[in-house]
Amino acid sequence: LQGIFVLGLPYALLHSGYSGLFLIVLAAVLCCYTGKILIACLYEENEDGQLIRARDTYEDIANACCKKLSPRLGGIIVSVTQVMELIMTCILYLVVSGNLLSHSFSYVPVTEKTWSVIAFVTLLPCAFIKTLKIVSKLSQLCSFVHFIIIFVVMTYCLTQIHQWSWAKFRLSLEFEEFLVSMGVIIFSYTSQIFLPTLEGNMKNPGEFRCMLNWTHFFAGVLKTTFALTAFLTWGEETREVVTDNLPSFLQTLVNLCLLTKALLSYPLPFFAATEIVYVCISRVNCSNYSSPLLALCVRSSFLLLTLLMAMFIPHFALLMGLTGSVTGAAMTFLLPSLFHLKLKWKKLSVFEKCADISVFILGFLCSIAGIICSIKGLLKVYG
C-alpha cells in the first residue's frame, strides 16, 4: 500500500485540489471494504452454521460465480486481469527507471528511452528466477530503501514550511484531469489480488478484518500527509514524479535510491505474473510444462513485452492512471462487489446489498471515465 507509486500522489493533487484529499481517504475506505467482502467470498457455512474456508484464491471465487456458464470462465477472466495489472506494474517500474536516470544524469546526451533500456539490461537475470525466496529478499531491501526516500523528501518539505500556502489549492478543476488523478489514487491502493493468499497464511485469520482496518487507516494518513506536504512545497510546479522537484544536491541521491527501489520492486510482480501463466499452462496439461526451456522462453517474452510497452508509453502518471482505471478498478471495486452479491445475495441485508451495488456502479463509472480520459491524455501527448 506504500509503494513507489505514492510519488505520483502530489501530482494528482495538482489536478484534483481539495477533492484529491477526499479521494485519498475515500479510496482507502472503499478498498478496505472490498477487501473484506472479497475474503468473505472465500467462506461458506457448513451444516452446523460454522464458517469454513471453501475457496483459496481469487480465481476460485470467480469460478464459483461463473460455474453455471463455464467451470473455468471466471478464473480465466480474473487471471487475465491479474496478469495485465502485474505486467503494467512492471512497465511502470521501467518507465520510472528511465525517468530517474534521465534526471540524475541530465548532462549525458542520452534519451529517456535509452535509459529505460539500460535499466532493462540490469533486469535480465529475472528470467532465471525460479523461486519466491530470492524475490522475498529483494523485496525486503526494497522496503528499506522506500523508508529512506520518504524520510528524505518529507524532511526537505518540512524545511520549506515557511513557503507553504493553502492558496495553492484550487476548487475549479478540469474534469478530465481530475479523472486521471482518480485513476492514480486508486492504483496506489490496489492490493486485492494478494489478499486471499495473505489471509490464508495468517496465523490467526480471524484478525484479518482488524488488520485491514489499521493498514488502510495508516496508509491513508501517510499518503495524505506525504501528498499534502509535497504539494504545499512546490504547488503548480509539482511534477509527475515528485522527486524531480528536489534541489540538485538531493535529487541525484534520492533518484538513485528510487532507481534501486524500482529495480528491486520489479521481480515481485514479474514473478507473480509468470507463475499465473504457468498455472494456466499446467491446467491445459501442456506436455512441455516442466521444460526449463519453455520456462525461460515465457519469462524472456514477458521481459521483452515490458520493455516494448515502456518504449511506446513513456509517461508515468498517464500510464499509472490508465492502469488504475482498467485493471485496478476491476480488481478492486467491480469484481469483489459483483462476486459478493452473487455468492451471498440471500444472506445480505438491504444495506449491504445497496453498499455493494453502489461500489459496483461507482467503480464502473470511474473505470469508463478514467479509461477515456487517460487515453485522450496519451493521444494528446503523441498528437
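In this predicted model, the lining of the second largest pocket draws its largest share from helix α1, which contributes five residues. That lining comprises 18 residues in total, and those lying nearest the centre of the pocket are Lys36, Ala40, Leu51, Arg209 and His340. Besides α1, which spans residues 9–40, the elements β1 (43–45), α8 (208–234) and α12 each supply at least two residues of the lining. By character, the lining residues of the second largest pocket divide into nine nonpolar, two polar and seven charged, and the space that lies within this pocket is about 480 Å³.

Helix α12, which covers residues 316–344, also holds Leu341. With a relative accessible area of 14%, Leu341 falls under the 20% cut-off and is therefore counted as buried. When residues up to four places away in sequence are set aside, Leu341 touches Leu348, Lys353, Asp356 and Ile357. A relation across the chain can be added to these contacts: Leu341 and Cys41 are separated by 300 residues in sequence, yet their C-alpha atoms are 9.4 Å apart in space.

From here the description turns to the nonpolar interior. The largest nonpolar core has 101 residues, and those with the most contacts inside it are Ile185, Tyr189, Phe226, Tyr266, Phe302 and Phe339. The largest share of this core, 14 residues, comes from α1, the helix that also gives the largest share of the lining of the second largest pocket. As for Tyr266, its contacts beyond the neighbours within four places in sequence are with Cys90, Tyr93, Leu94, Leu123, Cys126, Leu303 and Thr306.

Technical notes:
Residues numbered from 1 in each chain as written. Predicted model: local features only at pLDDT ≥ 70, side-chain atom pairs only at ≥ 80, totals over all residues. Heavy atoms only, no water. Helix = DSSP H or I, 4+ residues; strand = E, 2+ residues; numbered from the N terminus. Buried < 20%, exposed > 50% of the residue type's maximum accessible area, 1.4 Å probe, protein only. Contact = heavy atoms within 4.5 Å. 1 Å grid on protein atoms, 1.4 Å probe; cavity = no way out; pocket = protein on both sides within 12 Å on 5 of 7 lines; lining within 4 Å. Points joined across faces, edges and corners; volume = space filled by probe spheres on them. Nonpolar A, V, L, I, M, F, W, Y, C, P; charged D, E, K, R; others polar. Core = buried A, V, L, I, M, F, W, Y, C linked by side-chain atoms within 4.5 Å.
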